[in-house]
Protein chains: 2
Amino acid sequence: MLDAAVKVFSRRGYHGASMDEIADDAGISKPMVYAYLGTKEELFVACLHREGTRMMQAIADVVAPDLSADERLWRSLQAFLGFVGAHRDGWAVLYRQARGEQPFAGELTALRRRIVEVVAGMLEHTLRSEGREVTETELEVVAYALVGATESVADWLVDHPEADPEQTATRMMNVAWVGAAQLLAGTSWRPPNRRGEAPS
Amino acid sequence: MLDAAVKVFSRRGYHGASMDEIADDAGISKPMVYAYLGTKEELFVACLHREGTRMMQAIADVVAPDLSADERLWRSLQAFLGFVGAHRDGWAVLYRQARGEQPFAGELTALRRRIVEVVAGMLEHTLRSEGREVTETELEVVAYALVGATESVADWLVDHPEADPEQTATRMMNVAWVGAAQLLAGTSWRPPNRRGEAPS
DNA sequence: GCGTAACCCTACGCACGAGTAGGTATGCTC
DNA sequence: GAGCATACCTACTCGTGCGTAGGGTTACGC
């Protein structure tokens with residue numbers, strides 16, 4: 001039944017989806033939806049939570065803490081893009097719909113923050129183990145960039161059903177890791193002849 | 001007057017914003033809004049177009065075709081993040097609101113596609129000039145990743161008003177360019193001991 | 001065969017907000 | 001100062017869609 005809701009929400013958006021259509025799609029009538037899932041808002045939150053939990057679980061299932069950083073990143077990417085490929089509707093709800101709607105933006109931000117923190121933590125751990133220091137903000141921005149890049153690629157994947165998630169993950173890894181590896185190794189880019197702007 | 005609309009749309013979202021509130025915020029009454037800007041949908045599209053055009057213009061103003069690839073990327077990033085920093089509301093409308101609403105998602109996708117194509121074109125030009133071949137899809141995914149990373153960092157910037165756009169651009173450049181430069185140089189990452197998956 | 005209870009539906013009330021009709025003030029022409 | 005146009009507002013209509021009230025149907029107990 002949540003499946004029907006996710007499907008309709010993903011197609012129409014939160015406001016565009018009518019409870020009638022969801023009920024219709026689920027093969028039951030509206031009062032039943034209210035009886036089982038509560039109001040529209042609660043229903044949407046339920047969808048959000050289920051999809052969010054599923055996604056996090058899909059990643060957690062394949063990531064062991066004793067793996068190397070690049071292996072963990074690779075597995076996460078694989079799991080994540082595999083998940084998105086298999087649950088395109090769910091991802092569309094999470095990523096495209098929930099972000100704009102004020103009542104739910106908070107939920108989403110929290111989920112996203114957890115992911116960013118995991119990525120930042122991974123980077124930080126690797127950096128510290130090599131004795132390099134780095135500011136909190138610096139890490140956060142890099143983590144945001146990596147997460148955003150991945151989300152964007154996931155979005156691309158949703159619109160290209162013929163694409164192979166695993167191959168896409170490899171491509172993504174090329175951008176993320178080859179870049180990150182350089183950063184971790186201490187390579188950094190600096191602005192050309194202007195007022196020097198130390199990257200903190 | 002469009003400023004008021006953008007402000008309200010960014011705070012409430014497309015559906016959440018009432019024409020009354022927009023009119024109120026602009027200091028005029030509702031029929032005036034209809035007289036000048038037309039229906040709510042037209043009004044939103046007008047906002048979208050203005051912000052989109054402004055953004056593209058801000059970037060076009062600082063990018064000359066005779067610059068090196070990294071210089072162009074750097075200037076674009078600077079201009080883009082500077083723009084977002086100066087027009088947080090506008091960016092919120094473009095990025096957070098318009099994406100989810102079916103009637104406008106197309107507009108947005110078109111804008112985004114143009115940006116992705118520019119980035120992909122830049123990458124391709126650099127690659128070809130070094131004699132390397134690469135598939136269309138490969139380029140597209142990398143471009144999507146870079147664009148998504150930048151959008152994500154822009155999003156971060158919106159939520160951190162105290163951050164300096166230029167410094168953030170430098171950080172972003174570190175991720176994007178250091179990674180991209182490696183890719184351009186031919187370095188690539190491959191999955192560990194599994195069924196070999198040539199990155200095409 | 002009649003009470004009743006679980007289950008589900010059709011059909012409605014009601015609020016909210018987009019878009020408009022009709023009226024009022026200000027200024028300009030002659 | 002009468003006629004008229006422009007600029008704007010208050011106050012309405014009307015559609016849409018959330019949430020619910022009240023009725024029908026099936027199955028079981030007695």
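1. In this predicted model, DNA strand C is surrounded by 13 residues, and the closest of them are A:Ser29, B:Met19, B:Lys30, B:Tyr34 and B:Lys40. Sorted by class, the surface near DNA strand C comprises eight nonpolar, three polar and two charged residues. Helix α3 (30–37) of chain A and helix α3 (30–37) of chain B each supply at least two residues of this surface.

2. Turning to the strand itself, 56% of the atoms of DNA strand C that lie within 4 Å of the protein belong to sugar or phosphate, while the rest belong to bases.

3. Individual polar pairs can be named on chain B. A backbone N or O atom of B:Met19 is placed 2.9 Å from a phosphate oxygen of DNA strand C, and a polar side-chain atom of B:Lys40 also lies 2.9 Å from a phosphate oxygen of that strand. For B:Lys30, by contrast, the partner is a base oxygen of DNA strand C, which is 2.7 Å from an N or O atom in the side chain of this lysine.

4. A separate point concerns helix packing in chain A, where the axes of helix α6 (residues 88–97) and helix α8 (residues 136–158) come within 10 Å and cross at roughly 135°. Angles over 145 degrees would count as roughly antiparallel, and α6(A) and α8(A) are therefore oblique to each other. Their crossing is left-handed.

5. The contact between these helices is made by A:Arg88, A:Trp91, A:Tyr95 and A:Arg96 on the α6(A) side, and by A:Glu151, A:Ala154, A:Asp155, A:Leu157 and A:Val158 on the α8(A) side. By class, this contact of α6(A) with α8(A) has five nonpolar and four charged residues, with no polar ones.

Note on methods: Residues are numbered from 1 along each chain as its sequence is written. Chains are lettered from A and ligands numbered from 1 in the order in which they are written. This is a predicted model: local features need pLDDT of at least 70, side-chain atom pairs count only at pLDDT 80 or more; totals for chains, interfaces and linings use all residues. Side-chain values use heavy atoms; hydrogens and water are left out. Axes are lines fitted to C-alpha atoms, for helices over the stretch in contact, and angles run from 0 to 180 degrees between N-to-C directions. Helices (H or I, at least four residues) and strands (E, at least two) are DSSP runs, numbered from the N terminus. Angles under 35 degrees count as roughly parallel, over 145 as roughly antiparallel, 65 to 115 as roughly perpendicular and the rest as oblique. A crossing is left-handed if the near helix is turned anticlockwise from the far one by less than a right angle, and right-handed if clockwise. Contact means heavy atoms within 4.5 Å. Ala, Val, Leu, Ile, Met, Phe, Trp, Tyr, Cys and Pro count as nonpolar, Asp, Glu, Lys and Arg as charged, and the others, Gly among them, as polar. A residue is near a molecule or strand if one of its heavy atoms lies within 4 Å of it. A polar contact is a pair of N or O atoms within 3.5 Å; within protein, one must be able to donate a hydrogen and the other to accept it, and residues adjacent in sequence count only if both atoms are side-chain atoms.
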